[in-house]
Every structure is written in structure tokens, then in C-alpha cells.
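Trainee: I am new to this one. Can we look at it together, one question at a time?

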Amino acid sequence: MHNFDYHRPSSLDDAVAALGKGEDASLVAGGMTLIPTMKQRLAAPSDLVDLGGIADLVGIKDDGDSVTIGAMTTHAAVAASSAVPPSLAALAGNIGDAQVRNRGTIGGSVANNDPTACYPSACLALGATIVTNAREIPADDFFTGMFETALEESEIIKAVRFPKPEAGNYQKFENPASRYALVGVFVAKTKDGVRVAVTGAGNDGVFRAGDIEQALSANFSPDAVDSSSIPVDSLNGDIHASAEYRQHLIGVMARRAVAAING
Amino acid sequence: MPNVSMTVNGKQVSQEVEGRTLLSAFLREKLDLTGTHIGCDTSQCGACVVHVDGKSVKSCTLLAVQADGASVTTIEGLAQGDDLHPMQAAFRDCHGLQCGFCTPGMVMSAVDLLQHNPDPSDREIREWLEGNICRCTGYHNIVKAVKQAAQSMKGQQAAAAE
């Protein structure tokens, strides 16, 4: 790992200032992605601004119709929270392994927008709002491509606000080695209708499956799910799975999610 | 270079380190606590698991500076003098190790599990140990050891309460 100047601000303002000063500064949240990336020298920031010293960024607040999760809240804390919708807590409790869940954070995962990460699908399916130091960004506008988000330079995620769904379920077909989602599908019944988000499969990262949403709006049953209309050339094919197989898995995972919701 | 201060196995330590120094390297190379092993060095195998403020983490994926001010427990901090921690004793009794390389991480992970789940099922133990890889003896006796430790720790607590 190349060396860097380390900063541990205790407020968001100080973090923004530190981020602006460095030639090529980077934020670090839990570090579960960034530190391995730096060890491989795929990233070599001049300055590392650690958000771990900002107490305001940690915590889960039940707002009645919604729940607001501070950006530096760990997956383990989300998984253990009774304020969080059960589908979201279950998703958090199945990310990585126990030690990764003790360090990894929701803000870090969402900001990184790894195309195989779990959280982005929950944000899209539940219609979450990403709250930053500058503004509030609807999830539908936030995830702009593989590892790309609407975040500006020096913009920092403070929290993610999730409206509570009527029902929801996330099904992940894990890569057996990495446990990342080969395909993950989050199905939610929200007050704005059925929303279905797919992670692990899209060329441009997480996306909503409009055709499946429409079919489930008319008939919320596993039989209604058909993933064959999702264009294969919009899906990722690699050594782990072909695009055709991922297209198939989207249907299987969506059907399992609907069946789980219907009980 | 940044200065880092933390409590390691109950002792206060303070040293200058490079920002990029990993907690695993800090423990092994600066403090000579070589019980924390480095296996894969890519946060997969779990040989490097230690507790930071009571929670198990992979010390190869944490910077020493990120643990500034924290309380760290390594495998060397579990035994009380010559008395092994119940988890260590159970690993020995149940033959939960062969070469022993993964054992420090296994023990530290398992101790964390029992902190919030004092009576785990086989399945819960296996799921919790997903981030700890053993390449020789397999997991069967490790799971047995964790169950035995859970029983003996419950017994100890009951005895202490009487």
C-alpha cells in the first residue's frame, strides 16, 4: 500500500475541508472495500479522510413512516435493529461475513455503488433518499452507473432514509467464493406500488426491473414473474456466470422473493 | 508520522506509525504479539481476527490509526495467567485444530459470537464462522469446541451467580 496523510475529523465540516485540501484525497468509512483496494494498489489516495471520528453519522432513528440510518452505521447494527424493516435487516445480516459486518457501513456501501453490492438494491426497491451534507437525493437519481453515483466531489453522505414498505424481501444468489451477489433481487410492496431492484447483474450496476414491477402490480404471485424481457446485452457476463444465466437468475430470485412475501 | 495510542490486552501502548500500517502489522511487528496470524492478507481467511472495542474484526483490513483510542484484545489477551479461556480449553479438548494456523482467528471470532449469542445452534456457529477458513482439520470439531465452550461458560456464569 502506498502511504498517505491520514485525517480523522470530528465534524462533517472538518471532513469536507480535509477532503478539499488533499491533492487526491479519499474518504474512508468502514474501509472494507477501500483498504483491500489500496493494498492491491488499485487506489492510492494522497490523503485518507476517516469518517470514523464523527459520532453524528452513527445511529438508527425511527421516524414512524420511515427509518433513517446514519452513514457510518455498521451492517451488524442494521441487522440487529428492531426499528429497521425486517427485509432490510435481513439483507444487512447477510453481507460479507461477521467481521466485515462489524466494520462495513451503509454509507460506504452506497457511495461505492459496487455493481454486486446488496444495499443499492434495497435503496432502489424501497425508494430511499440519500441525505448528504448538501442535499437530499432520491435513490432513483443516485446510482448512475457501475461504481458511479450522483455524489459531487466533496459531497458526503450523512444518512440514508428508507420509507417503511408494506412488505419486502431480498433474495441473493451468492457467488460461492466471495458471497457477493451473483444476482440479488429486492422486491418491495410500497405505498407507490411494487418496486423491484436487481443487483449483481446489470452492466451499469443496480437497476429496476420495470416489466416485473408491472406484472407484479397486476398479479402479485411468483407465476407472474418473467425475466426474459430483460435484454441480455444489458446484463453482465463473466467467468462466474453468463449474461443469459444472470437473466434466468433474476426471475428465480424475484419469484423466491414474492413467494417469501406471500408466505 | 501519526502517533497511535490504544489499549492492547489491558496495557496502554503508544507508538508512531505510518498511516498505512495495518493493525495486524502493528500488533505483530511493533508489539511482538505474533499470535495474530496473517493468512490471506485479503480479509477472507480470518486468521487475523482480533477484538476492537469488543467486536471481532479482521486486523489485516484495519489501519492501526483507525484503532486509535480503542481497546484491542488479541489471542494473547484471553487466558488468565495459566488458565486458558474456556474457548481455548474447548478447542484443545475437542481437537478443534490441527496445524493451528487458523486457530487464533477462530477462537477470537467464536468468543465474539458467544458474547451476543450464548447458546448458538450448530448452524448459527457455522454461519458466524463463515469468515474464518480452516484448511486442515475441517470445521466439525471446531463447531463442537464452540458448543462445549458455550456450555462451560454458562456453567461458570451460573456458579458465579450462586
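## Helix packing and domains

Trainee: At roughly what angle do the axes of H2(B) and helix H5 (residues 140-161) of chain B cross?

Mentor: This is a predicted model, where local features need pLDDT of at least 70, side-chain atom pairs count only at 80 or more, and totals for chains, interfaces and linings use all residues. Residues count from 1 along each chain as written, chains are lettered from A and ligands numbered from 1 in written order, and side-chain values use heavy atoms, without hydrogens or water. Helices are DSSP runs (H or I, at least four residues), numbered from the N terminus. The axes of H2(B) and H5(B) come within 8 Å, and their crossing angle is roughly 135 degrees.

Trainee: Which word describes how H2(B) lies to H5(B)?

Mentor: Axes are lines fitted to C-alpha atoms, for helices over the stretch in contact, with angles from 0 to 180 degrees between N-to-C directions. Under 35 degrees is roughly parallel, over 145 roughly antiparallel, 65 to 115 roughly perpendicular, and the rest oblique. The angle here therefore makes H2(B) and H5(B) oblique.

Trainee: Is the crossing of H2(B) and H5(B) left-handed or right-handed?

Mentor: Look at the near helix, turned from the far one by less than a right angle: anticlockwise is left-handed, clockwise right-handed. For H2(B) and H5(B) the crossing is right-handed.

Trainee: How many residues in the contact of H2(B) with H5(B) are charged?

Mentor: Contact means heavy atoms within 4.5 Å. H2(B) brings Pro86(B), Met87(B), Ala90(B), Phe91(B) and Asp93(B); the H5(B) side includes Ile142(B), Ala149(B) and Gln156(B). Ala, Val, Leu, Ile, Met, Phe, Trp, Tyr, Cys and Pro count as nonpolar, Asp, Glu, Lys and Arg as charged, the others, Gly among them, as polar. The split is nine nonpolar, three polar and, for charged, one.

Trainee: How does H2(B) lie to H3(B)?

Mentor: H2 (residues 86-93) and H3 (residues 103-116) of chain B have axes that come within 10 Å and cross at roughly 125 degrees. The crossing is right-handed. That angle is why H2(B) and H3(B) count as oblique.

Trainee: What classes of residue make the contact of H2(B) with H3(B)?

Mentor: From H2(B) come Met87(B), Gln88(B) and Phe91(B), while H3(B) offers, among them, Thr103(B) and Leu114(B). The tally is no charged, two polar and seven nonpolar.

Trainee: How many nonpolar residues are in the contact of H3(B) with H5(B)?

Mentor: The axes of H3(B) and H5(B) are 11 Å apart, at about 45 degrees. Met106(B), Ala110(B), Leu113(B) and Leu114(B) meet H5(B) residues including Val146(B) and Met153(B). No polar and no charged residues take part; the nonpolar number is nine.

Trainee: How far apart are the C-alpha centres of the two domains of chain B?

Mentor: An automatic or database assignment sets domain bounds. In chain B, domain 1 is 3-77 and domain 2 is 86-157. In contact are 17 residues of domain 1 and 15 of domain 2. The centres of these chain B domains lie apart by 21 Å.

Trainee: In chain A, what distance separates the centres of domain 1 and domain 3?

Mentor: Chain A has domain 1 (5-50), domain 2 (58-163) and domain 3 (167-262). Over C-alpha atoms, domains 1 and 3 of chain A have centres separated by 34 Å.

Key
Helix = DSSP H or I, 4+ residues; strand = E, 2+ residues; numbered from the N terminus.
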